[in-house]
Amino acid sequence: ISMEHITSKDGTPIACWHCGTGMPLLLVHGTTGDHSAWISTLAELRQHFNVWTMDRRGRGQSGDANSYTLQRECEDIAAVVDAIGGSVHLLGHSFGGLCALESTLMTSNINKLVLYEPSISLTGSGWSTELEMRLQKLLDQGNREESLLLFFRDLLKAPSQEIVALQAGSNWPIRIAAAHTILRELQSIDRYVFKPQKFNSLQNPVLLLVGGDSHSRRYATAETLQQSLSNSRMGILPGQQHSAMRTAPDLFVHEVIEFLKAT
């Protein structure tokens, strides 16, 4: 696996890793994650693709800027896609899925697009001023782990066994280190308005993945996207919720490979 930094439009260095051979595939992680979110899927994916992973800005080996906007996150992805060169498949999870979708408007080098439960809130994100204040207070107190638990427990409504597994995982310290990015990403989701007309000319094949046991609002988002993106279809991951790449990597990878390899 080799690592390099790619400079985004605003000058921020974005750390990327790549391995495998074949068509390039860029994986974009969600809130609190970093490039290690994909660790369980790499062995299989690299048999088929030249797999690229990245640390989104503000965490891991990537830099950050003084001011934050969703637009910059999307520019980061477009910069990485363009630096990889040629035609690149793109897979985004959660907040990374929202950024991936918007990045399609910034580069013509994206081939197929996989969006796994992108953070587009149509039916209310479960976000509230009260939650925002609680989260801000924990961060102000330097209580990063509690802010992380608040995010998974009260906002994502993750089952308790899932939270226990996360805490036991090797990348829990990575998530704690990125805790300061939670609030700005949640605020971006809350402000984001999905405008279907922006994507009228998007002809790329799109796979919209949803966990079979996920919250109904995840389905509502996927259905809206399916109606708005002309060349899209839904894929259901039976028995899964928001983290199938970790809870059922074989199932997740199978769906992704089947879609990307189809002619």
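How many nonpolar, polar and charged residues are in the lining of the largest pocket, by class? The lining has five nonpolar, nine polar and seven charged residues. The model described here is predicted.

## The largest pocket

The space in the largest pocket comes to about 370 Å³. It is lined by 21 residues, and those closest to its centre are Lys 157, Ala 158, Pro 159, Gln 241 and His 242.

Three helices each supply at least two residues of this lining: helix 6 (160-168), helix 9 (216-228) and helix 10 (244-247). Helix 6 gives the largest share, which is three residues.

## The second largest pocket

The volume of the second largest pocket is about 170 Å³. Its lining is made up of Ser 36, Ala 37, Ile 39, Ser 40, Ala 165, Leu 166, Gly 169, Ser 170, Asn 171, Arg 175 and Arg 246. Helix 1 (39-45) and helix 6 are the elements that give two or more residues to this lining.

Sorted by class, the lining of the second largest pocket has four nonpolar, five polar and two charged residues. Helix 6 also appears in the lining of the largest pocket, where it supplies three residues.

## Cavities

Three cavities of 30 Å³ or more are counted in the model. The second largest cavity holds about 160 Å³ of space. Of the 17 residues that line the second largest cavity, Gly 30, Thr 31, His 93, Arg 175 and Arg 246 lie nearest its centre. Helix 5 (144-155) and helix 10 each give two or more residues to this lining.

The lining of the second largest cavity has six nonpolar, nine polar and two charged residues. Arg 175 and Arg 246 are among the residues nearest the centre of this cavity, and both also belong to the lining of the second largest pocket. Helix 10 contributes to the lining of this cavity and to that of the largest pocket.

## Nonpolar cores

Which residues have the most contacts inside the largest nonpolar core? They are Leu 26, Met 54, Ile 77, Val 80, Leu 90, Leu 101 and Phe 152, in a core of 54 residues. Helix 2 (residues 70-84) gives this core its largest share, seven residues.

Another core lies apart from this one. It has 22 residues, including Leu 42, Val 51, Leu 91 and Ile 257.

## Salt bridges

The structure contains 13 salt bridges. One of them joins Arg 72 and Asp 10, with the closest N and O atoms 3.3 Å apart. This pair links distant parts of the chain, 62 residues apart: Arg 72 is in helix 2, and Asp 10 is in the loop between strand 1 (2-7) and strand 2 (13-19). Arg 72 counts as partly exposed, at 22% relative accessibility, and Asp 10 is also partly exposed, at 29%. Asp 10 and Arg 72 belong to a network of salt bridges that includes Arg 57 and Asp 76 as well.

A further salt bridge is formed by the side chains of Arg 134 and Asp 154, at 2.7 Å from N to O. Here too the pair links distant parts of the chain, with Arg 134 in helix 4 (residues 129-140) and Asp 154 in helix 5, 20 residues apart. Arg 134 is partly exposed, with a relative accessible area of 35%, whereas Asp 154 counts as buried at 19% relative accessibility. Asp 154 also forms a salt bridge with Arg 153, and in this pair the closest N and O atoms are 3.1 Å apart. Arg 153 counts as partly exposed, at 39% relative accessibility.

## Cysteines

A disulfide is a covalent bond between the sulfur atoms of two cysteines. How many disulfides does the structure hold? The structure holds zero.

Why is Cys 16 without such a bond? The closest cysteine sulfur, in Cys 19, is 12 Å from the sulfur of Cys 16, so the two are too far apart for a bond. For a disulfide, the two sulfur atoms would have to be within 2.5 Å. Cys 19 is likewise in no disulfide, and its nearest cysteine sulfur is that of Cys 16.

Are these two residues buried or exposed? Cys 16 counts as buried, at 0% relative accessibility. Cys 19 is buried too, with a relative accessible area of 9%.

How values were computed: Residues numbered from 1 in each chain as written. Predicted model: local features only at pLDDT ≥ 70, side-chain atom pairs only at ≥ 80, totals over all residues. Heavy atoms only, no water. Buried < 20%, exposed > 50% of the residue type's maximum accessible area, 1.4 Å probe, protein only. 1 Å grid on protein atoms, 1.4 Å probe; cavity = no way out; pocket = protein on both sides within 12 Å on 5 of 7 lines; lining within 4 Å. Points joined across faces, edges and corners; volume = space filled by probe spheres on them. Helix = DSSP H or I, 4+ residues; strand = E, 2+ residues; numbered from the N terminus. Nonpolar A, V, L, I, M, F, W, Y, C, P; charged D, E, K, R; others polar. Core = buried A, V, L, I, M, F, W, Y, C linked by side-chain atoms within 4.5 Å. Salt bridge = Lys/Arg side-chain N within 4 Å of Asp/Glu carboxyl O.
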